[in-house]
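User: I would like to go through this model with you, one question at a time. Please keep the answers short and end each on the value or name I ask for.

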Amino acid sequence: MDELSRARQEIDRIDAQLADLYAARMRAVDRIAAYKRANCLPVGDPAREREVIAQGCARVEDPALRPGFAALLSHLIRLSRQYQQAQKAPADALQVCLPEASCPVTVRPGALQHAGDFLDLRRTVCIVTDDGVPPEYARTLAAQCAEAEIVTLPQGEAHKTLQTLTELLSRLQRRGLRRGDCVAAVGGGVVGDLAGFAASCWLRGIDFYNCPTTLLAMADASVGGKTAVDFGGVKNSVGAFWQPRAVLIDPALLGTLPPRQLANGMAEIVKMALTCDRDLFERLEREEAPNLPELITRALRIKIALVERDERDAGARRILNFGHTLGHGVEAAAGGALLHGECVALGMLPMCAQPVRARLARVLTRLGLPTSLRGDADQILAAAARDKKAETDGIETVFVDEVGACRLEKLGLPALRARLETLLRQQGEETR
Ligand SMILES: NC(=O)c1ccc[n+]([C@@H]2O[C@H](COP(=O)([O-])OP(=O)(O)OC[C@H]3O[C@@H](n4cnc5c(N)ncnc54)[C@H](O)[C@@H]3O)[C@@H](O)[C@H]2O)c1
């Protein structure tokens with residue numbers, strides 16, 4: 001037997017031992033989950049997790065191998081957290097498990113009426129909403145709080161600014177919000193991003209709850225901890241990562257959402273399906289009347305898995321930027337005429353291989369989303385180049401060559417222009 005075969009046999013033997021050890025470890029995790037369930041303890045324990053990694057690494061003799069082992073243990077710990085959560089959670093509850101934070105996400109029709117069962121409202125809660133959201137949603141939450149202050153912002157992306165943030169912070173100050181109090185968003189992605197940002201910087205950070213009311217915010221924006229305002233014409237360029245303490249999703253609130261806004265949210269669900277979940281995309285191709293709570297849950301499972309792998313957007317989470325490079329350019333150039341999801345829909349098309357693109361265009365059309373655009377390429381590219389992901393040698397862009405899988409590649413501006421022009425050339429008429 002040659003050296004290579006011997007080494008491979010050795011690897012196979014070690015992997016077999018690893019499989020037994022993994023099963024034994026998960027049995028121990030199961031016992032921990034049962035204990036925590038019985039004693040109402042949280043799943044995440046950051047101090048203990050750090051200790052496990054430090055102890056483990058100290059046992060590795062070769063210092064050069066320690067970082068790799070630390071990475072292996074953190075991955076194992078993440079799997080253990082997910083496993084514990086699955087044991088602990090009711091069927092409609094999801095959980096974002098991060099080393100420093102753990103955020104339960106509940107998707108349940110009617111949940112807003114029982115918000116006190118999911119959120120700690122025994123304090124002063126600043127409820128942030130906007131003047132397009134039916135006011136009874138904020139009032140329903142307020143009625144369950146010990147003390148509540150409802151702040152109604154002007155609706156729309158044009159108000160996602162530092163000025164609105166300053167007004168919101170002034171309200172928190174006037175109300176005298178303290179460290180133990182909290183901010184709760186009741187609105188779409190704009191309200192969520194603004195309220196989350198305010199919570200992240202008020203008194204250097206207070207608790208934040210997100211109760212999304214649009215499909216886009218339910219299926220995407222409310223989870224993951226990105227908060228921001230637009231600044232100097234660049235979307236989301238000033239903000240912070242600030243994880244919500246909990247996310248409460250009540251799909252019944254979608255009953256008042258206009259159809260164009262529903263389609264807008266579907267664009268982000270299509271994005272998740274196309275990049276990560278072939279089965280979900282095929283469902284979107286087949287089904288005329290989608291089951292929204294189920295779609296929201298499927299989309300969130302994808303988002304949560306990516307956020308857990310990469311909270312700070314340094315790797316896997318960038319997949320969620322699919323369609324956003326050109327999309328943000330289109331959004332800025334359209335000057336408010338197109339919604340965020342509509343721009344993402346347009347931005348996805350040129351980033352797909354041809355057969356995928358044809359299937360995507362059919363799904364988008366059926367959902368009432370635009371597939372063609374009449375615009376000025378220079379203006380769109382100039383706006384895309386100001387994107388916060390842009391670097392001197394190009395913009396990292398997500399491509400889908402086959403449904404359910406994707407890759408990242410840096411694209412220079414000439415290549416981006418060529419992609420954009422195929423989108424512009426394809427059009428007959430502007431659809432919206
Ligand atoms: N933080 C993130 O991870 C993330 C992800 C994706 C998008 N976003 C951000 O989300 C924003 C877009 O969010 P959006 O699409 O929810 O837009 P939006 O917040 O502007 O809401 C859309 C409109 O719907 C109205 N509305 C909200 N809920 C309603 C309801 N139940 N019934 C009737 N009307 C209702 C609002 O008043 C508003 O006019 C963008 O700013 C985008 O950057 C953030």
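User: Over which residues does pLDDT stay under 50?

Analyst: This is a predicted model, with a mean pLDDT of 91 for the protein. Of its residues, 94% reach 70 or more. For the stretch with pLDDT under 50, the model has twelve contacts beyond four places in sequence. That stretch is residues 427-432.

User: Into which domains is the protein divided, and how many residues of domain 3 are in contact with domain 2?

Analyst: The protein is divided into domain 1 (3-88), domain 2 (102-256) and domain 3 (259-426). The centres of domain 2 and domain 3, taken over C-alpha atoms, are separated by 25 Å. Domain 2 puts 22 residues into the contact, and the number from domain 3 is 27.

User: Which element gives the most to the side of domain 2 that touches domain 3?

Analyst: On that side of domain 2, β2 (102-107), α7 and β8 each supply at least two residues. By class, the side has 14 nonpolar, five polar and three charged residues. With five residues, the element that gives the most is α7.

User: Which residues come nearest to the ligand?

Analyst: The shell around the ligand draws at least three residues from each of domain 2 and domain 3. Helices α6 (189-201), α7 (215-221) and α8 (259-276), along with strand β8 (234-241), each supply at least two of its residues. By class, the shell has nine nonpolar, 14 polar and seven charged residues. Of the 30 residues around the ligand, those that come nearest are Gly132, Gly188, Gly189, Thr214 and Ala221.

User: Is Thr213 buried or exposed?

Analyst: Thr213 sits in the loop between β6 (207-212) and α7. It touches Val133, Tyr137, Val186, Gly187, Gly188 and Leu253, leaving out residues up to four places away in sequence. The cut-off for burial is 20 or more other C-beta atoms within 10 Å. Because Thr213 has 29 C-beta neighbours inside 10 Å, it counts as buried.

User: Where does the largest nonpolar core lie with respect to domain 2 and domain 3?

Analyst: Of the 115 residues in this core, Val128, Val183, Ala184, Leu194, Ala198 and Leu248 touch the most other members. Both domain 2 and domain 3 give residues to this core, so it lies between them.

User: Which residues does Val183 touch, not counting those up to four places away in sequence?

Analyst: Val183 is among the residues that touch the most other members of the largest nonpolar core. In soluble globular proteins, nonpolar side chains tend to be buried together. The residues that Val183 touches are Cys126, Val128, Ala195, Ala198, Ala199, Ile206 and Phe208.

User: How many residues of helix α11 are buried?

Analyst: Helix α11 covers residues 324-334 and is largely enclosed by the rest of the structure. Its buried residues include His324, Thr325, His328 and Glu331. Just after α11, Gly335 takes a positive phi of about 55°. Of the eleven residues in α11, the number buried is ten.

User: Which residues does Asp387 touch, not counting those up to four places away in sequence?

Analyst: Asp387 lies in the loop between α14 (377-385) and β10 (390-391). It is buried, because 21 other C-beta atoms lie within 10 Å. Two of its partners, Thr325 and His328, are buried residues of α11. The residues that Asp387 touches are Thr325, His328 and Ile395.

User: How many other C-beta atoms lie within 10 Å of Gly341, and in which helix is Gly341 found?

Analyst: Leaving aside neighbours within four places in sequence, Gly341 is in contact with Leu216, Asn264, Gly265, Ala267 and Glu268. Gly341 is buried, with 30 other C-beta atoms within 10 Å. The helix that holds Gly341 is α12 (residues 340-348).

User: What is phi of Leu203, and what is phi of Asp313?

Analyst: Leu203 lies in the loop between α6 and β6, and Asp313 in the loop between α10 (292-309) and α11. Leu203 has 13 other C-beta atoms within 10 Å, so it is partly exposed. Asp313 also counts as partly exposed, with 17 such neighbours. Each phi is a positive value in a residue other than glycine: Leu203 is near 50°, and Asp313 is near 65°.

Key: Residues numbered from 1 in each chain as written. Predicted model: local features only at pLDDT ≥ 70, side-chain atom pairs only at ≥ 80, totals over all residues. Near = placed C-beta within 6 Å. Helix = DSSP H or I, 4+ residues; strand = E, 2+ residues; numbered from the N terminus. Nonpolar A, V, L, I, M, F, W, Y, C, P; charged D, E, K, R; others polar. Domains from an automatic or database assignment. Buried ≥ 20, exposed ≤ 12 C-beta atoms within 10 Å, placed from the backbone. Contact = placed C-beta atoms within 7 Å. pLDDT = per-residue confidence, 0-100. Core = buried A, V, L, I, M, F, W, Y, C linked by C-beta atoms within 7 Å.
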